[in-house]
Amino acid sequence: MYHIQLNKLLKRPMYQQIVDSLRKSISTGQLQFGDRLPTEKEVCELLDLSVIVVKQAYDVLVAEKLIERIKGKGTFVTSRTPVQIPIAQFYRHDTYWGYPTKRKLFVFDKIKSEPQVFPYLNMKSGEWCFVYKSLSVNGKNALYFQRVYLPQAFYPSITIDHATDLDLLTILNTKGTSKPHHMMHHFAPIVLEQLEADLLTLPLGASAHLMRTQVFNDKNDVIAYIINVIPGEFVELEVNVQ
Amino acid sequence: MNKEILLSLKVDRRYGLELGLQVAQSLRNLILENKVHYNEELPPARELAALLEIDVSDIEHAYQHLTREKVLTERYGKYIVSYFELVNRFHQKMITLHQAIEQLGMTATIQTLIHEVITVNADLALRSGYSVGDKVLRLKRIYLGDGIPLIIYDGYLNLKVLPGIERMIDAITPYYPIIVTHYQKKLGVSKRKLVVRLLPLDVVDLFKVPKGSPSYFVSSSLFSNQNELLEFGESFSSPNYYFQYEHLAY
């Protein structure tokens, strides 16, 4: 309730004052994605206001897509704190851009065909490739969903423990037969399908960055391929162009 | 269209997918691989059916399927490739939008929608780094490639640093050369932020793409090598616009 500050002596309408203070708490991150707001009734009773005033304030914030009413559950913050990621440092998030993330691994497999991916690895159907999929989360923000493809020819002995315990850069740099030399990223705007939307706790049809990375060794072989699906609106990719 | 390319369309009767969809899938791949190009006309269904030795209705089915996906369009009974994918390295090195389009092999043209001197308000000040009350030249422009709208750009040029530029810019020419030659400014760095948004309705109409299409929304601040803010801009690009970025591994 301390997120709502009112001054009844001011000329500014009460509902606007509620909107102002909640908007400020959301933009500064004091209120975060998924936080529950007090019910309209609770606010009325505590602040001695009429229901219409509080309803009007919440309606404005709903229209701005900062909050959402879920029937039977309450009103929740839907806006997320923006995250800025320098493009060239994307894979160094823990050490470089200062957003500690938790990673949850949910698929580890060895495959010998995937028509959407093998051409980017210069691989033919029948050759073995490790694949693992994970979701990285920063606080309440789902940051990205990632699929990592490591051809057995370059990463002969990847295990599920490596995929669970080691961050991607450690795997790329220490578990292969050659070292990464350069990376080529390919960015495309997409809308989320159901599975990815659920994982990233975003609505179906929300926008996303599709970031696909080819990792090359010094002989220009593609030694790894990574697909990241990153929420489009609140993850800002930064680049300085000279 | 090259017969060899058409013969690479693979169908397999033993495979569980109906033949029309198989043709659609491999035709889509040829288009994505840039082997069949934008604006190219596909052979009549009868001709392709004879070549692949399958029923003409399967080819018609494939063409109609790809038309619904907006990969093809039908014009006077002929099917033409309407999909194009624009990939470039626009965010790797400083080039103008005009140059970026030309690098894609297209003829670049410009249309100006808004050209006016305005006073910065609180909302723009918050987004741009200008101060409330600053005078800027607002230029809203559409950049087209081969006549197709590719980028809509809303720029705000700093009149404190570039006085009088509103009288030097015409409606159809890139203006960076004026900044460099007339004002003797050396371009320093362009700081950009990229998010993906669903296109607003007016832009959807402009790009002639389905409602709910995603697009890169870029905010950029261009500084001179003396660290003066020369221009702040915001742009949407066509949903077919992709970009690449390369760097050394770490």
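This is a short tour of a predicted model, with stops at a sheet shared by two chains and at a pair of helices in chain A.

**Stop 1: the sheet**

Start by colouring the strands of chains A and B. Select β4(A), β11(A), β7(B), β8(B), β9(B), β6(B), β5(B) and β4(B), in that order, and you will walk across an open sheet of eight strands. The pairing along the way is mixed. Strands of a sheet pair through backbone hydrogen bonds, either parallel or antiparallel.

Which strands are at the edges? Select β4 of chain A, residues 83-86, and β4 of chain B, residues 108-119: each of these edge strands pairs on one side only. Now turn the view to follow the twist, which averages 20° from one strand to the next.

**Stop 2: a strand pair inside chain B**

Next, select residues 187-198 of chain B, which form β7, and residues 214-224 of chain B, which form β8. These two strands run antiparallel, and ten bridges join them. For one bridge to look at, pick L187(B): its partner in β8(B) is S224(B).

**Stop 3: two helices in chain A**

Move over to chain A and select helix α2, residues 40-47, with helix α3, residues 51-63. Their axes lie 9 Å apart and the helices pack at an angle of about 130°, so α2(A) is oblique to α3(A). The crossing of α2(A) and α3(A) is right-handed.

To see what makes the contact, show the side chains of E40(A), V43(A) and C44(A) on α2(A), then those of V51(A), V54(A), K55(A) and Y58(A) on α3(A). By class, this contact of α2(A) with α3(A) has five nonpolar and two charged residues, with no polar ones.

Conventions
Residues are numbered from 1 along each chain as its sequence is written. Chains are lettered from A and ligands numbered from 1 in the order in which they are written. This is a predicted model: local features need pLDDT of at least 70, side-chain atom pairs count only at pLDDT 80 or more; totals for chains, interfaces and linings use all residues. Side-chain values use heavy atoms; hydrogens and water are left out. Two strands pair if DSSP finds at least two bridges between them. Helices (H or I, at least four residues) and strands (E, at least two) are DSSP runs, numbered from the N terminus. Axes are lines fitted to C-alpha atoms, for helices over the stretch in contact, and angles run from 0 to 180 degrees between N-to-C directions. Angles under 35 degrees count as roughly parallel, over 145 as roughly antiparallel, 65 to 115 as roughly perpendicular and the rest as oblique. A crossing is left-handed if the near helix is turned anticlockwise from the far one by less than a right angle, and right-handed if clockwise. Contact means heavy atoms within 4.5 Å. Ala, Val, Leu, Ile, Met, Phe, Trp, Tyr, Cys and Pro count as nonpolar, Asp, Glu, Lys and Arg as charged, and the others, Gly among them, as polar.
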